[in-house]
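Please look over the sequence and the structure below before reading on. The report that comes after them is meant to be read with both in view.

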Amino acid sequence: MKKTYSLRKRLLYWIGFPVLGASALMLFLSYFYIWHEVEEVYDAQLVQSARVLLQLTRHELQEGEELHLDEEDPGLSHKYESKLGFRIWYQGKVVEGSASSQTFGLFQAPPGFSDREVNGQRWRFFVYVDPDNEVRIEVSEQYEVRYELILQLLSSQLIPIVAFIPVLFFLVWLGVNRMLRPVVGISKDVARRSSEDLRPLKVQEVPNEIEPLIKALNELFNQISESFQREREFTDHAAHELRTPLAAMKTQTQVLLRKLQGNSDNVEDLKNLQQSIDRATHLVDQLLALARLQSENYPKEKVDLSKCIVSAVEELALRYQQKDQALKLQIPDHFLVMANAASIEILVRNLLDNAFKYTPDKGAIEIRLSSTGEFQVSDTGPGMSDVEKMSAFDRFYRADKSGQMGSGLGLSIVRWIAEAHNLALTLSDNPQGGLSVSLKFPAN
């Protein structure tokens with residue numbers, strides 16, 4: 001089973017997922033390095049604060065004064081003040097401390113750095129002990145200060161990424177569509193073509209990656225076109241070469257028939273031979289017509305379809321009169337269509353020839369052309385099964401087994417002309433029994 005996939009989706013996946021992965025990795029590494037640097041900086045600040053407090057405390061002790069700090073100035077407050085703290089011990093007793101440290105109670109952090117949760121808040125402590133002076137300095141800081149800084153730094157990177165990724169996907173989607181536009185254009189061009197249109201593909205702007213494919217397709221079209229041309233030339237030449245000996249054979253047969261009048265056995269054999277020659281001549285004529293239709297370009301012009309149908313009926317009048325067939329003709333006057341006159345005459349004559357040929361004696365034929373361009377030829381002949389209708393337009397296919405003279409090319413030629421004029425051609429059952437062939441001409 002053939003597996004198909006969307007090149008557009010694959011390109012988006014291959015571009016989009018690496019971008020998302022790289023963004024996630026960048027955020028993870030940023031978080032790691034930011035956390036590390038914030039820890040280093042804030043711990044250094046704790047050490048620096050402890051050192052300053054120790055120097056002040058030593059100075060007071062050297063002056064022989066009692067440790068005492070002035071009242072805090074309300075004008076120097078900061079919103080983070082409640083998240084920072086310090087305590088000073090002298091000879092085992094707390095002699096000074098910040099307002100925020102009063103909630104610590106009797107808790108004493110160990111010397112050095114340590115973490116502790118106090119009253120539902122996580123704190124970072126640094127304790128320096130001066131055993132010579134019996135002084136203990138403790139500085140502290142809530143982890144919330146560090147979290148807030150880390151979050152702000154990460155947000156400064158995350159917000160641009162979140163805003164940039166949708167824009168990036170849109171630009172990638174736009175770029176992929178533009179890159180695939182030549183491929184889509186080639187697909188539409190090939191899809192619009194008929195089976196006879198083998199002109200080279202023309203694309204104004206082609207990516208380097210697509211150009212070899214177009215060259216290969218054009219080369220293939222050229223080879224197929226040359227093959228068709230050789231086949232048509234062979235058919236044309238063969239038909240020409242066969243017409244002359246067939247005409248000579250028919251003439252000689254007619255001469256022999258006149259000479260052998262009265263000899264019924266030989267006359268019957270010669271009549272059979274003459275019918276075979278007529279069948280071969282008809283086949284050659286059809287092959288020649290098909291070859292010429294396929295090898296030449298016919299200009300289109302205004303054609304009086306009504307006049308064309310009447311002319312074909314008059315040309316074949318002797319045939320339906322001999323078989324006593326009932327002919328019903330319903331066509332408007334001077335219905336004009338844009339078409340090639342010669343090919344349309346062949347199309348109409350082939351349809352009428354088939355109807356007259358396969359309709360039995362005393363049968364009925366109806367030829368109708370509506371004012372909207374619906375051309376229909378219906379007969380009361382043997383008709384076709386659904387399977388036979390599917391193959392009726394194949395070359396040399398004959399559904400009729402009654403022995404009527406035919407080449408199997410009549411409907412094939414009709415289909416070729418219909419496709420060349422973009423006409424809808426259908427076969428259907430005649431409600432009165434038999435076959436109906438319908439063509440839809442655009443009204444002009």
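What follows describes a predicted model, beginning with its interior and ending with its surface.

## The nonpolar cores

In soluble globular proteins, nonpolar side chains tend to be buried together. In this model the largest nonpolar core has 43 residues, and those with the most contacts inside it are L305, V348, L351, L352, F375 and L439. Helix 7, which covers residues 341-358, gives the largest share of this core, namely eight residues. A second core, separate from that one, has ten residues, among them L53, I88, V135 and I137.

The surroundings of L305 can be followed residue by residue: when residues up to four places away in sequence are not counted, L305 touches F335, V337, I344, V348, L369 and F441.

## A buried threonine in helix 3

T253 lies in helix 3, which is made of residues 211-259. Because its relative accessibility is 4%, and buried means under 20%, T253 counts as buried. If its neighbours within four places in sequence are left aside, T253 is in contact with L270, L273, Q274 and I277.

## A nonpolar patch on the surface

Some nonpolar residues are found on the outside, where Y13, W14, I15, F17 and L20 make a surface patch of about 590 Å². One of these residues, F17, is placed in helix 1, which spans residues 7-62. The relative accessible area of F17 is 56%, and since exposed means over 50%, F17 is classed as exposed.

Technical notes: Residues are numbered from 1 along each chain as its sequence is written. This is a predicted model: local features need pLDDT of at least 70, side-chain atom pairs count only at pLDDT 80 or more; totals for chains, interfaces and linings use all residues. Side-chain values use heavy atoms; hydrogens and water are left out. Patches are made of residues with over 30% relative accessible area and no salt bridge: like charges are joined within 9 Å, nonpolar side chains (Val, Leu, Ile, Met, Phe, Trp, Tyr) within 5 Å. Accessible areas come from the Shrake-Rupley method with a 1.4 Å probe; for residues, only the protein chains shown count as cover. A salt bridge is a side-chain nitrogen of Lys or Arg within 4 Å of a carboxyl oxygen of Asp or Glu. Helices (H or I, at least four residues) and strands (E, at least two) are DSSP runs, numbered from the N terminus. Buried means under 20% relative accessible area, exposed over 50%, partly exposed in between (1.4 Å probe, protein chains only). A nonpolar core is a set of buried Ala, Val, Leu, Ile, Met, Phe, Trp, Tyr and Cys residues joined through side-chain atoms within 4.5 Å. Contact means heavy atoms within 4.5 Å.
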